[in-house]
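Me: I am new to this structure and would like a close look at a single part of it. Please take me through that part slowly and in connected prose.

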Amino acid sequence: DLPLKLQGFGGIRWYRPLKLDALLDLKSLYPHAKLVVGNTEVGIEINFKNAQYPILISVTHVDELNAMSIKENGLVIGSSVRLSKLQQFLIKVIAERHIHETSSCRAISEQLKWFAGKQVKNVASVGGNICTASPISDLNPLWMAARAEFQIVDSKGNIRTVLAKNFFLGYRKVDLSQGEILLSIFLPWSRNFEFVKEFKQSHRREDDIALVNSGMRVYVKEVESNWLVSDVSIIYGGVAPISLTARKTENFLMGKTWDKELLQETLKILKDDVPLSGDAPGGMVEFRKSLTLSFFFKFFLWVTQQMN
Ligand code: FAD
């Protein structure tokens with residue numbers, strides 16, 4: 001492979017660097033340049049939303065952004081990694097590692113089964129999904145719930161880390177300044193008695209965008225023969241302009257005993273914690289509200305079953 005530079009109509013330039021250094025050089029020369037991997041978001045913006053990007057940098061061939069590795073504490077996934085590749089990698093990791101370590105891996109792998117079709121997954125990247133920050137992203141609620149961290153690099157090569165749950169700032173707005181790009185994702189192993197689960201409801205089972213989706217995690221500890229909630233994440237997609245943390249519900253759950261009474265109480269709190277107004281974009285408000293509750297109900301049953 002060679003680094004490429006192509007000149008298109010109307011002065012559009014398209015670069016394809018092969019090394020991170022070369023990409024960062026281009027980013028410092030052209031801070032406004034638009035990165036592109038699978039083009040499944042950028043292409044729609046250009047063709048249907050009239051977006052104009054005079055300088056495009058394809059990061060499909062940058063080695064550092066395509067790397068995936070297994071570390072002592074979890075996985076590192078390069079931002080250009082295609083979703084099909086990620087799926088294959090997760091399946092391998094799940095088969096090799098201890099079961100309690102891979103609860104997050106299994107949730108992501110399961111969610112990928114219902115993510116777009118094969119053609120899209122073969123080209124679409126993890127980083128493209130994260131940086132688009134779609135409120136209906138199927139994966140972002142899971143990165144947030146799974147305590148994932150994002151490594152971000154600026155055009156000088158300085159790297160900083162931000163927790164996935166703090167990365168999404170508003171409607172399609174993320175914590176990346178000009179010149180910064182997403183380098184990789186760190187997905188920590190889940191711990192013993194830590195359970196992560198994915199949810200997605202759409203009109204069709206296959207190749208459809210979610211009405212509501214979710215990533216949930218609970219870490220329970222046994223104290224004097226009671227199972228107490230020691231850490232918890234309840235994140236929803238499709239109910240707000242961003243992937244939404246049900247914070248009141250999380251706060252309520254902390255320190256409580258994981259039992260049937262807790263389920264009833266939590267459903268009451270959760271009802272008011274997801275602020276879907278009557279005129280919320282997307283419609284079907286009652287149905288979507290009931291989905292947020294039924295996902296938690298399913299999560300409760302699933303976790304209880306896993307614990308036994
Ligand atoms: P691109 O279009 O190449 O890029 C998207 C954005 O990310 C751009 O703004 C780009 O500049 C930025 N970007 C890319 N890499 C970086 C980086 N390293 N640093 C900073 N910014 C970066 N999404 C779902 O969640 N679930 C679905 O089921 C689903 N189904 C779909 C079905 C179809 C038919 C289509 C067209 C899309 C679907 N999507 C779905 C949305 C989309 O496929 C995903 O968001 C995909 O992961 C985007 O990846 P990409 O590589 O194509 O992004």
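Which element gives the largest share of the lining of the second largest pocket?

Reply: In this predicted model, the largest share of that lining comes from β12, which contributes five residues. Two elements give two or more residues each to the lining of the second largest pocket, namely β12, spanning 194-202, and α12, spanning 285-307. The space in this pocket amounts to about 280 Å³. Its lining is made up of Gln111, Trp114, Glu198, Phe199, Lys200, Gln201, Ser202, Arg204, Arg205, Phe295 and Lys298. Sorted by character, these lining residues fall into five charged, three polar and three nonpolar.

One residue of this lining, Lys200, also leads to the ligand, since an N or O atom in the side chain of Lys200 is 3.4 Å from an oxygen atom of the ligand. The protein covers 86% of the 1,000 Å² of accessible area that the ligand has on its own. Two further polar contacts of the ligand involve the backbone: an oxygen atom of the ligand is 2.8 Å from a polar backbone atom of Gly38, and an oxygen atom of the ligand is 3.0 Å from a polar backbone atom of Ala116.

Around the ligand there are 28 residues, the closest being Lys34, Leu35, Val37, Thr40 and Ser125. At least two residues of this shell are supplied by each of β3 (34-36), α2 (42-48), α7 (126-132) and β11 (181-188), and of the elements it is α7 that gives the most, with four residues. The shell around the ligand divides into 14 nonpolar, nine polar and five charged residues, whereas the lining of the second largest pocket has three nonpolar, three polar and five charged.

As for annotation, an unreviewed UniProt entry marks residues 7-192 as "domain: FAD-binding PCMH-type". In the model, that span is 37% helix and 23% strand, and its end C-alpha atoms lie 54 Å apart.

Technical notes: Residues numbered from 1 in each chain as written. Predicted model: local features only at pLDDT ≥ 70, side-chain atom pairs only at ≥ 80, totals over all residues. Heavy atoms only, no water. 1 Å grid on protein atoms, 1.4 Å probe; cavity = no way out; pocket = protein on both sides within 12 Å on 5 of 7 lines; lining within 4 Å. Points joined across faces, edges and corners; volume = space filled by probe spheres on them. Nonpolar A, V, L, I, M, F, W, Y, C, P; charged D, E, K, R; others polar. Near = heavy atom within 4 Å. Polar contact = N/O pair within 3.5 Å; in protein donor to acceptor, adjacent residues only side chain to side chain. Areas by Shrake-Rupley, 256 points an atom, 1.4 Å probe, with all protein chains shown as cover. UniProt positions renumbered as here; feature names shortened; annotations may be inferred.
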